[in-house]
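Reader: I am new to this structure and would like to learn how its descriptive terms are justified. Could the values be set against their definitions?

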Amino acid sequence: MTPFELYNPTKLIFGTESYLRISHEILEGAKVLLTYGGGSIKSNGVYEAVMKELKNFQVIEFGGIEANPTFETLSIALDIIKKENINFLLAVGGGSVIDGTKFLAAAALYEGDSWDILKKGIRVTKALPFASVLTLPATGSEMNSGAVITRKETGEKLGMGSPVLFPKFSCLNPEVIKSLPQRQLKNGIVDAFTHVLEQYMTYPIGADLQDRLSESILKTLIDIAPKVIFEPYDQTIASNFMWCCTMALNGLIQKGVPTDWATHMIGHELTAKYHIDHAMTLAIIFPNLWRYKFENKKEKLAQYAERIFNVNTGSTEEKAEQAIQKTLEFLHSIDVKTQLREYTENYNGFSDEVKQTFETRNWIALGERKDITPEDVRKIVEMSC
Ligand code: NZQ
Ligand code: ZN
């Protein structure tokens, strides 16, 4: 196990009554900007429930933060924050609204061009306090300090992060799942599943507890996936789903272990170019990244095959091969398509574009062993077409 520090100050408030805590958690006298997305919160009752708790605060609303939040939209919100002297942000939505709000929290106190935070990878040292009311279990953004923002003008989708960007608190009410369309439920399962894999499918390092924690999240997600996606709402299933998604990316399982994240970096290019939902881009890339980096990952693949899919016979290589096969079967069983051609016809030349983008950004050594070059990325994308 490698040395690590664990820091996560987000207060998580879980359960159907969680919104009742909102007014107690925000400092008295705060002037709040309530941020939200395209309007789902106005039709599923979440908006009314949250506004009721904010009745003693001055609240300004900013709606319209799109899926894959854009710098362009957020710049409008940033002007409002400055003009209105907003001192607390409350994100009510999924990963996009929460990520967008993290950007706003950072940009509000950043002197200079706020796009530099993303473009130059600046780790901001101060931010406005903010919190979230999660409406879509998937990203883990409610309990981590990262965000991903798109710039429409340039077609870039870039990540940012800083220890000052953890939400002060996050309310997780599993009932929000009731209004989620099947597409978003699927996204949630696959995004959380891949988050675990990015931190697990590397090489053995003797981190037994982290491995077992990761495996328990993977196993739980596989077990509940068909119920979450295809069956009517069930409080117990929904609670397990929501908690798995948070645990998959709140920092805990990545402590002391190597991590990959190349799938996410490549996946973001698929969203930037084709507007494919984030989670689906991951399902397109990671099985092929595993095949391409088979030698690097075969021990962990075999361990995963044994512990998750009960594959107990065969060599390490045979078990590892089974791991890929069974994972694809799982994805297909929940109706997730795993090749780019199933999402777009216009994929010719895309692998070269991605290679070039990665070269320009100097992303030349990705993966847990820092041995994935832009040419490797090209080949992985080619295999994924
Ligand atoms: O905008 P509204 O009207 O709210 O509709 C949203 C949106 O259209 C809808 N939705 C959300 N909650 C709902 C609901 N519809 C009905 N009922 C509800 N309760 O769902 C749609 C998608 O929402 P979005 O927030 O975009 O989805 P998700 O949570 O999957 O977030 C995706 C974004 O997060 C980034 C992704 O790149 C992408 O931009 N990620 C953030 C991460 C992080 N901060 O740690 C890590 C992830 O790997 C990911 O990269
Ligand atoms: Zn993700």
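Author: Among the 33 residues around ligand 1, those that come nearest are Gly38, Gly95, Ser96, Asp99 and Lys157. This is a predicted model, in which local features need pLDDT of at least 70 and side-chain atom pairs count only at pLDDT 80 or more, while totals for chains, interfaces and linings use all residues; side-chain values use heavy atoms, with hydrogens and water left out. Residues are numbered from 1 along each chain as its sequence is written, and chains are lettered from A and ligands numbered from 1 in the order in which they are written.

Reader: What makes a residue near a molecule?

Author: One of its heavy atoms must lie within 4 Å of the molecule.

Reader: Why is the pair formed by His264 and ligand 1 called a polar contact?

Author: A polar contact is a pair of N or O atoms within 3.5 Å; within protein, one must be able to donate a hydrogen and the other to accept it, and residues adjacent in sequence count only if both atoms are side-chain atoms. A polar side-chain atom of His264 is 2.8 Å from an oxygen atom of ligand 1, so the pair qualifies. For Asn68 the corresponding distance is 3.1 Å, and for His195 the distance is 2.7 Å.

Reader: Why is ligand 1 said to lie between two domains?

Author: Domain 1 (11-175) and domain 2 (182-384) both contribute residues to its shell, so ligand 1 lies between them. The domain bounds come from an automatic or database domain assignment.

Reader: What makes Asp191, His195, His264 and His278 donors of the zinc ion (ligand 2)?

Author: Donors are N, O and S atoms within 2.8 Å of the metal (3.2 Å for Na, K and Ca); water is not among the atoms, so sites may look incomplete. Asp191 (OD), His195 (NE2), His264 (NE2) and His278 (NE2) lie 2.0 to 2.1 Å from the zinc ion, and therefore meet the definition. Their spacing in sequence is D-x3-H-x68-H-x13-H. His195 in helix 7 and His278 in helix 11 (residues 278-292) are 83 residues apart, a pair that links distant parts of the chain. Helices (H or I, at least four residues) and strands (E, at least two) are DSSP runs, numbered from the N terminus.

Reader: How do you know whether His195 and His278 are buried or exposed?

Author: Buried means under 20% relative accessible area, exposed over 50%, and partly exposed in between (1.4 Å probe, protein chains only). His195 has a relative accessible area of 2%, so His195 is buried. At 17%, His278 is buried too.
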